[in-house]
Amino acid sequence: MFRNHIKIAWRSIKKDKLFTTIKIGGFAVGIAACLLIALFIRNEVGYDQHYKNKNQIYRVVMQGLFNSETVKSTHFQLPLADALQSDFPEIIKAGKVNNIEIFGAGKRGMRLEGFNQNNFEDGFLLADQEAFEILEINLEQGNPETALSNPKSIVISKTKAAKYFKDGKVLGETIILDNDSSTPYTVTGVMKDIPKNSHLNFDFLLPIEDTRMSWTNQNYFTYVLVDPNTNIQELEKKMISIVEDYVIPAQLDRGRAPDFIDVLRTIEYKLQPVTDIHLYSDIKMADGLKHGDIRFVWLFAAIAGFVLLLAVINFINLSTAKSANRAKEVGLRKTIGAFKSNLIFQFLTESIMFSLVSFLLGILLAWLLLPSFNSIASKTITMPWTVWWFLPMVLVSALLVGAIAGLYPAFYLSSFKPVNVLKGSLSLGGKSGKLRSGLVIFQFTTSVILIIGTLIIYQQMDFILKKELGYDKEHVVILEGTNVLGKSTEAFKAQLLQLPMVKEVTVTNYLPVDGASRNGNTFRRADEGNEGRGVPAQIWRVDYDYIKTLGMKLKEGRDFSKKFASDSLNAIIINASMEHELGLTNAIGQEIDNNGQMFKIIGIVEDFHFKSLKEDISSLSLVIGKDTGAISVKLEKGNVNQALASIESLWNKNIPNQSINYNFLDQEFTRMHDDVQRMGKIFNSFALFAIFVACLGLFALSAFMVEQRKKEISIRLVLGAPFKSIYQLLTLDFMKLIFISICIAIPIGWYLMNRWLQDFAYHITIGWGTFLVASLIALTIAILTISYQSVSAALIKPLKGLRTE
C-alpha cells in the first residue's frame, strides 16, 4: 500500500510542473533561510561554551549609583583578585586580565631577535597566572604552571608560532615588541588557538607587570573560579564587604569627601557567568569587547520561524487551491471503497515527499549561500556536516514539517463527499477561500514588517554616517604602530608637514574611534577641595596640533600653544559635558583636581563623539603628553592616492624594516557601527527571502484563480468587456488583501523598530514616509506578481475558454 502511495504521489508531482516547482521552490527557500539563521543563532549562543568549568567561571561586574544614575563597570583595582581569593572560601581562584591599549594590549609592532623586519600584529592581551588557569589556556608547548611567571615572558598562539617559527623551534626564542631591543620577551609557551566564538580573542599573552597594589586605579577585568556548590546570590551579598574593608579606607586615606564615600557605599559586586558575557552584557559596562545581543538572537529566531511558516503556508494554500483537480480522484476512490484514513495517509505521503525534496534543495541552497552570509554577518560559520546530530535532525525536521504542512490539506481533501464530486456540484476550492485569504494576509504582513525594519535600519545608519560629530573625520589618515619611530617621531612629523598634500599632523593614539587609547580618571573642582563631588572623565594625552588636525571647535578659551611653557605642565582643555558635570561657570582659568594633580583650564572644546552613537557624550579632557602609538595626517582634498604614496615613501626612508599600516578615520568611525550595518544587511536578505516566498504563493494563487474563472472571463470578453475591466476583476481582490496586510504591518513595524531605536542615544524619528515607501514596495511587488496572470487572462481568445461548452 505504501509503495502505491509513493507512485501516486510521484505521479501527482509530475502532473503539474508549475505548481510543483512553486511548492518545492518556496519550501526550499524557506528552509535555506531558516537553516542559515539557525546556524547563526547556534554560533551566537555557543560563545564561551568551550570551557570545561564554564558553570564555575564568572567575571566580576560592579554597579552603583552616581548622580542618581546606575553606572556599571568591568574594570577593577589590581588587588581585588587577591582580596576575593583570600576573603571568600567559595572562590577557588581569582585572576586579572588587561585589554587596555596604554598597558600594552591591542595592536603592537613585533619582530624576532636577529631580524630587522617588524610586523604589525593585533591581539595582545595581559593576564596573570591565575587568569591563565581560570580561562583554561591550553598549551601545546611549555609549562602551564610557569608560563607567565617571568615578567618578560610571552605566550603565542599555534597559528602565530607557525607564521614566525617555520622550523617548529619556539620555546626560548626572543621577540622584540615596538622595536624596543632593551626589553626583549622570551617565548615560554605555545597555546592552542582561541576559539573564534570566545569573548576574549587574542594571539599573544603577556604577564601583568604593574605592581602598584592601589585600590584607586581601575584597569583590570577580574575573573573568578568558584566552588561548584556555591550559592552565587549569597556570595554576591558577602562581596559587598570589599567596599568597606578595602575601597573606602583607601579613599579616606586620600582625604575623600563624605559625599564621595556615600557614592562608594552604593556599589554592589555581581558575578556574570562567562557564558553570558557575549550576549548579556550591558553597553554601560564599557568593557571594550565586541558583543552580540540576545534580543537580536530572539529576533532572528522569530524571522527564521516566520520565513519557514510562510513556506508552509504556501504549501497549504496551493494544496487547498488545487482541490478541484483532486476532487474526482477522491470521489472515485471513495466510491470503490477507499477509507478516509487511506486518503489522509496518501496526501500526507505526498506532503512528506515534497518536504524531503525541499529540505535537500534547501540545505544545498544554504551551503551555497553560506560564504555570502558569513561575509554579511562577519562570521566563520561552517555547515556541521560531521556533527552526529545534523543529518538525523534534518531528517526528523523534514518528516515533521512535511506532516504539519500536509495535515490540513489531507483532512480537507479527504472530506469531499463522492455524491457532490460526481454530480459536479463541488465548489472548486471555494470552501477554503477564507483560509487562503487569511494566509496571504499573514505572508504579506510579515514581508511588510521586514521591509519597514530594513528601511529604518538603513535610515539610522545613514543618520550615523552623516551626523555632525564635533570633529572632521574626512581626509584623515591614521598611521598605526608609530611608536617604533622612537626618538625620531617629531622629525618624522616635521617631514610629513613638508609634503604638499598634508595640511596638519598630530601624534597620539587617543582618537575618537574604537581601538584607540583610553584613560579614565576622577576630577573635582579645586575650589571645593576634597569635599567636591568627583566627576569621572577621560583624560587624553595629545600634542599641540590635535584640535586643529581633527577640526574640533573651541567653545571658549584657547588651544594649546608652545608659546606658553605652562601648557605642557598643567594646562587642560575640557569638553562642554565636563564643564556641565563639574558645575562650572566662567571656567577659563579655574583649577580642577585629578587625584592630587592640579590642572588649569585654558579652553573648552565643543562636545564631540568619541564612542558609538548608542552612548551619550560623556566628560573628557585633553592634556599635553607623550603618546606615540599613532600619527593622524590631515590631507588636502585632491589626489589621495598620490598623497598616500608620498607618505609611504617617507615611511620607508625612516622605518625600512616595518611596512606601513594605515587606516582612514572615517572608515574607523564606520566600523564602530558595524553591528548596525550587519543587522541591516541581514534584515534586507531575509526580507527578500520572505517576499520571494510570499510572491511565489501569490503567483500560484493568481494562476489558479485565472484557471478557475477562465470560462467567466471568456463570457465577459464575448460580451464586450474591455481589458481594463478584466484586469481589475482579477487583481482587485488580491489588492484588498495587500492593503489589509499593510494596515496590520505598520503599527507592528513601528512598535518593534521604535524599541530598537531606543538603544541609541542619538537616533532618527520614524516618519510616515517610511511606511509609505514600504507600502508602495509591497504593492508594486504584489501588482507585478499578479499582473502576469491577469494580463494573460485578459488577452486570451474566448473560443479557447468556451470550446467545451
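**View 1. The surroundings of Phe 76 and its partner ring in the predicted model.** Phe 76 is buried, with a relative accessible area of 2%, and Tyr 269 is likewise buried, its relative accessible area being 3%. A search of the whole structure, which is a predicted model, finds 18 aromatic pairs. In the pair formed by Phe 76 and Tyr 269, the ring centres are 5.9 Å apart and the planes meet at 40°, so the pair is tilted. Because Phe 76 lies in the loop between strand E2 (69-73) and helix H3 (80-87), while Tyr 269 belongs to strand E12 (residues 268-273), the pair ties together parts that are 193 residues apart in sequence.

**View 2. An aromatic pair within helix H24.** Trp 768 and Phe 771 form an edge-to-face aromatic pair, with 5.5 Å from centre to centre and 65° between the planes. Both residues lie in helix H24 (residues 768-794), where they are three residues apart, about one turn of the helix. An α-helix has 3.6 residues a turn, so residues three or four places apart point the same way. Trp 768 is nevertheless exposed, with a relative accessible area of 68%, whereas Phe 771, at 4% relative accessibility, counts as buried.

**View 3. A cluster of aromatic rings.** Ring pairs link Tyr 471, Tyr 510, Trp 540, Phe 608 and Phe 610 into a cluster.

**View 4. Lysine side chains over aromatic rings.** Lys 467 is placed over the face of Tyr 762, at 5.0 Å from the ring centre. In the second example, the charged end of Lys 614 sits over the ring of Phe 760, at 5.4 Å from the centre of that ring.

**View 5. The kink in helix H12 and the residue that follows the helix.** Helix H12 (residues 340-377) has a kink of about 45° at Leu 370, shortly before the proline Pro 371. Ser 378 follows H12, and the phi of Ser 378 is positive, near 55°.

**View 6. Cysteines without a disulfide partner.** A disulfide is a covalent bond between the sulfur atoms of two cysteines, and with a cut-off of 2.5 Å between the sulfur atoms, the count in this model comes to zero disulfides. Cys 34 is in no disulfide, and the nearest cysteine sulfur, that of Cys 695, is 20 Å away. For Cys 743, the closest cysteine sulfur is also in Cys 695, at 19 Å, which is too far for a bond. Cys 743 counts as exposed, because its relative accessibility is 56%.

Conventions:
Residues numbered from 1 in each chain as written. Predicted model: local features only at pLDDT ≥ 70, side-chain atom pairs only at ≥ 80, totals over all residues. Heavy atoms only, no water. Bend = angle between axes of the 7 residues up to and from the residue. Helix = DSSP H or I, 4+ residues; strand = E, 2+ residues; numbered from the N terminus. Buried < 20%, exposed > 50% of the residue type's maximum accessible area, 1.4 Å probe, protein only. Phe/Tyr/Trp six-rings, centres within 6.5 Å; stacked < 30°, edge-to-face > 60°. Lys NZ or Arg CZ within 6 Å of the ring centre and 35° of its normal.
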